Amino acid sequence: MLEIPPYMGVNAPKEHQRVIAKLTAGLYWLFAQGKIPYEPFPEGMIDASKTSPTPDVLLYDNVRSRNVVIIEVAADGWKKDFRKVVELVEDYEVDEGFVYNYQTNNWLKYSRQRGEIAEAPSFCDSIGHDLAEFVK
């Protein structure tokens, strides 16, 4: 039997998927308008060359062929998800990682350059936008 690593498990409650859809749609609209340089992908593999983790939302730089931002959507397990985001940011050299807890409307942010960011944790420096605006 194929064993699924914990970071690849499926969490698909409707509210969880609704938040992913809102984030992806809002970010894609900005991308299509040329207002952000990175293409958003829902549930995109972080390493396309092999089986790899699939963050809920991934912002990808098509010019440099690299992941720039990852976003995890969470509820009760948000602290565990944040630890996973930190690990993924470091292991895959992603610039920024976020966790959004849709039950509490709280954000956590981790920067590969600066570590955990407590001030304005929903603001994405890579695109110059507050991600919280997409989940209202």
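Here are some notes on the fold and a few residues of this chain, which is a predicted model.

1. **Overall layout.** Let's start with the parts list. The chain has two helices and eight strands. Going along the sequence, they come in the pattern α-β-β-β-α-β-β-β-β-β.

2. **Size and packing.** For 136 residues, a compact globule would have a radius of gyration near 14 Å, and the chain comes out at 14 Å, so the two agree. If you lay the C-alpha trace along its principal axes, the spans are about 45 × 35 × 30 Å. Buried residues account for 45% of the 136 in the chain.

3. **Surface and contacts.** About 7,800 Å² of the chain is exposed, with 51% of that area supplied by carbon and sulfur atoms. As for how the chain folds back on itself, take the contacts between residues at least 6 apart in sequence: 46% of these join residues at least 24 apart.

4. **The sheet.** Six strands form an open sheet in the order 1-2-3-4-5-6, and the pairing is mixed. At the edges sit strand 1 (39-42) and strand 6 (115-117), each of which pairs on one side only. On average, neighbouring strands in this sheet are turned by 20° against each other, ignoring direction. As a reminder, strands in a sheet pair through backbone hydrogen bonds, and they can do that parallel or antiparallel.

5. **The strand 5 and strand 6 end.** Strand 5 (residues 106-111) runs antiparallel to strand 6, and three bridges join the two. If you want a pair to click on in the viewer, try Lys-109, whose bridge partner in strand 6 is Ile-117.

6. **The helices on the sheet.** Helix 2 (residues 78-91) packs on the sheet and touches strand 3, strand 4, strand 5 and strand 6. Its direction makes about 165° with that of strand 4. Helix 1 (residues 14-32) lies across strand 1, strand 2 (57-61), strand 3 (66-74), strand 4 (96-101) and strand 5. Relative to strand 1, helix 1 runs at about 160°.

7. **Thr-24.** Is Thr-24 buried or exposed? This residue belongs to helix 1. Its relative accessibility is 13%, and the cut-off for buried is under 20%, so Thr-24 counts as buried. Leaving aside residues up to four places away in sequence, Thr-24 touches Pro-40, Pro-42 and Val-57. Pro-40 and Pro-42 fall within strand 1 (39-42), while Val-57 falls within strand 2 (57-61).

8. **Asp-76.** Look for Asp-76 in the loop between strand 3 and helix 2. Asp-76 counts as exposed because its relative accessibility is 69%. In sequence, Asp-76 and Tyr-102 are 26 residues apart, and their C-alpha atoms are 9.4 Å apart in space.

9. **Two backbone spots to check.** Which residues have a positive phi although they are not glycine? Glu-93 has a phi of about 55°, and Asn-105 has one of about 65°. Glu-93 sits in the loop between helix 2 and strand 4, whereas Asn-105 is in the loop between strand 4 and strand 5. With a relative accessible area of 51%, Glu-93 is exposed, the cut-off being over 50%.

Terms used:
Residues numbered from 1 in each chain as written. Predicted model: local features only at pLDDT ≥ 70, side-chain atom pairs only at ≥ 80, totals over all residues. Heavy atoms only, no water. Pairing = 2+ DSSP bridges. Helix = DSSP H or I, 4+ residues; strand = E, 2+ residues; numbered from the N terminus. Axes fitted to C-alpha atoms, helices over the stretch in contact; angles between N-to-C directions. Contact = heavy atoms within 4.5 Å. Rg over C-alpha atoms; globule rule 2.2 N^0.38 Å. Buried < 20%, exposed > 50% of the residue type's maximum accessible area, 1.4 Å probe, protein only. Areas by Shrake-Rupley, 256 points an atom, 1.4 Å probe, with all protein chains shown as cover.
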